[in-house]
Amino acid sequence: RRTAVAVVGAGPAGLTVANLLRRAGIPCVLLERESRAFVEQRPRAGFIEEWAVRGLEQRGLGERLVAKAPQHAEFEFRFAGRRHRFRYGDVTGQRHFVYPQQLLVTDLVAQYTDAGGEAVFEVSDVELHDLTSDSPAVTFRAGGDEHRIDCDFIAGCDGARGVTQGYLPPETTVKAHHDYGIGWLALLAEAPPSADGVLFGIHPRGFGAHMARTPDVTRFYLQTAAGETEADWPDERVWRELQARLAVPDGPITEGRLIEKRVLDMHNYVVEPMAHGRLYLAGESAHLVAPIAAKGMNLALHDAFLLAEAFEAHYAGDSAKLAGYSAACLPLVWQYQEFSQWLSDIFHHTAATGENPFQARIAEARMRRLLGSPAAAAAFAELYIGKNADF
Ligand code: FAD
């Protein structure tokens, strides 16, 4: 059978593209490896930048998010035993919307399927064919049968562990890669938040973070040494380090049952160009940014908006946006990569006091400038809340 666009992957990128195509009357089929229930429960991101929220809202996809998500316009550094409030909303006039990724995915799946959108969950063996012809195809297995969809275009939205990126030819693709050389332990605790928002602990023992999620659940992160696994972090060690890195005398950390404990890959990559023939990548299939500055889902949404617009323009007779799609996405990708890298130096290098006192003192100097200079704070705030400038 035939469709206009085959979308591989039902994460934020693929679901946004599929919804927008559907709304524009462009036929598409969405293919997802996992079950619908699984993607609707997978906890990952939480912080969505205001421009992305408004982008969803303007496209008719953000109603529940805007109605339900608490908004954050400040966070707290905990540094040198003291709390330092950082009010980025005052400087930028913008906020984060705190909405767990699985809720956004649930909303987007419902909007797509309620509108009659065609989705196939639990597919396997996805393969792409004839990408440089006018009629590429996707083959896959589902329900025990083999299927083939011929189409005009393929949107590769299958994330960092998907297959579509592998179809970019190595001769014409550059994959830039950066490894932070540390790990992050991502934790979810059944504990009420210890503060009304985000705490970043900048500490000689390593970085620690607290993120209020719901009245009963809090996300925490702990910097770990490279190569450490979940087994190296029994609950007792987790809480000892969270208290050491995040608690201050007038701001204790509330403990609870740990319901997720997962070491994250702390590395980044960007593939350029994000397209080959009739295949266009969007989101983490094209670029991964470690969750240091909570940028990944925002970038996935940015790509999805641009890709859907480009497909719409193509079917209205103008292919210039499709030709320029990768070049339109990449400047923001690199701004966010650069910001994450810069923030990583502050977050992670204060822990280097023993082995690399130079790096540690540089990180502390940056920290003091950020807290003491309004100009430095404004520049930081602009990138922390995201896409403000014309990069
Ligand atoms: P994904 O969400 O990974 O979706 C890809 C989909 O493709 C998945 O459903 C997958 O099952 C499917 N798939 C994979 N392979 C195949 C295949 N072969 N065939 C068919 N389907 C396939 N970002 C933020 O902006 N803010 C945050 O606060 C934030 N916090 C994070 C915290 C954690 C712990 C983690 C891990 C990430 C965080 N991120 C954050 C990053 C964010 O979760 C990702 O950037 C986002 O999910 C990317 O969306 P995507 O649609 O590109 O990819």
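This talk walks through one predicted model, from the whole chain down to single residues.

Let me begin with the chain as a whole, since it is easier to place the details once the outline is clear. The chain contains twelve helices and 22 strands. Its radius of gyration is 21 Å, close to the 21 Å that the globule rule gives for 391 residues, so the chain is as compact as a globular protein of that length. If you look along the principal axes, the C-alpha trace spans about 65 × 40 × 40 Å. The UniProt record, an unreviewed entry, places the feature "domain: FAD-binding" at residues 2-339. Over that stretch the chain is 30% helix and 31% strand, and the C-alpha atoms at its two ends are 42 Å apart.

Next, please look at the ligand. Which residues are closest to the ligand? They are Gly9, Gly11, Gly159, Gly283 and Gly296, within a surrounding set of 36 residues. Sorted by class, this shell has 18 nonpolar, ten polar and eight charged residues. Helix H1, residues 12-23, and helix H8, residues 296-315, each supply at least two residues of the shell, and the largest share, four residues, comes from H8.

Now I turn to the sheets, starting with an open one in which three antiparallel strands follow the order S3-S7-S4. Its edge strands are S3, residues 47-49, and S4, residues 71-72, each of which pairs on one side only. Between S3 and strand S7, which covers residues 96-98, there are three bridges, and the two strands run antiparallel; here Glu49 stands opposite His96 in S7. Helix H3, residues 50-58, lies across S3 and S7, and runs at about 75° to S3.

A second open sheet also has three strands, in the order S9-S10-S11, again with antiparallel pairing. Why is one side of S9, and one side of S11, left without a neighbour in this sheet? The reason is that S9 and S11, the latter at residues 145-150, stand at the edges, and each has a single partner strand. From one strand to the next, the twist averages 15°. Strand S10, residues 137-142, is joined to S11 by six bridges, and in this pairing Ala142 stands opposite Asp145 in S11. While we are here, please find Asp125, which belongs to strand S9, residues 124-129. Its phi is near 55°, a positive value in a residue other than glycine.

The last region I would like to show is built around strand S19, residues 267-272, which is joined by six bridges to strand S13, residues 174-179, with the two running antiparallel. S19 is also joined to strand S22, residues 287-288, by two bridges, and that pair runs antiparallel too. A useful residue to follow is Val270, because we can trace a partner for it in each of these strands: Ala176 stands opposite Val270 in S19, and in S22 the bridge partner of Val270 is His287. Where does the chain go after S19, in the loop that holds Pro273? That loop lies between S19 and strand S20, residues 275-276. The peptide bond from Glu272 to Pro273 is cis, with omega near -10°.

Key:
Residues are numbered from 1 along each chain as its sequence is written. This is a predicted model: local features need pLDDT of at least 70, side-chain atom pairs count only at pLDDT 80 or more; totals for chains, interfaces and linings use all residues. Two strands pair if DSSP finds at least two bridges between them. Two residues are in contact if their C-beta atoms, placed from the backbone, lie within 7 Å. Axes are lines fitted to C-alpha atoms, for helices over the stretch in contact, and angles run from 0 to 180 degrees between N-to-C directions. UniProt positions are given in the numbering used here, feature names are shortened, and annotations may be inferred rather than shown by experiment. A residue is near a molecule or strand if its C-beta atom, placed from the backbone, lies within 6 Å of it. Ala, Val, Leu, Ile, Met, Phe, Trp, Tyr, Cys and Pro count as nonpolar, Asp, Glu, Lys and Arg as charged, and the others, Gly among them, as polar. The radius of gyration is taken over C-alpha atoms; the globule rule is 2.2 Å times the number of residues to the power 0.38.
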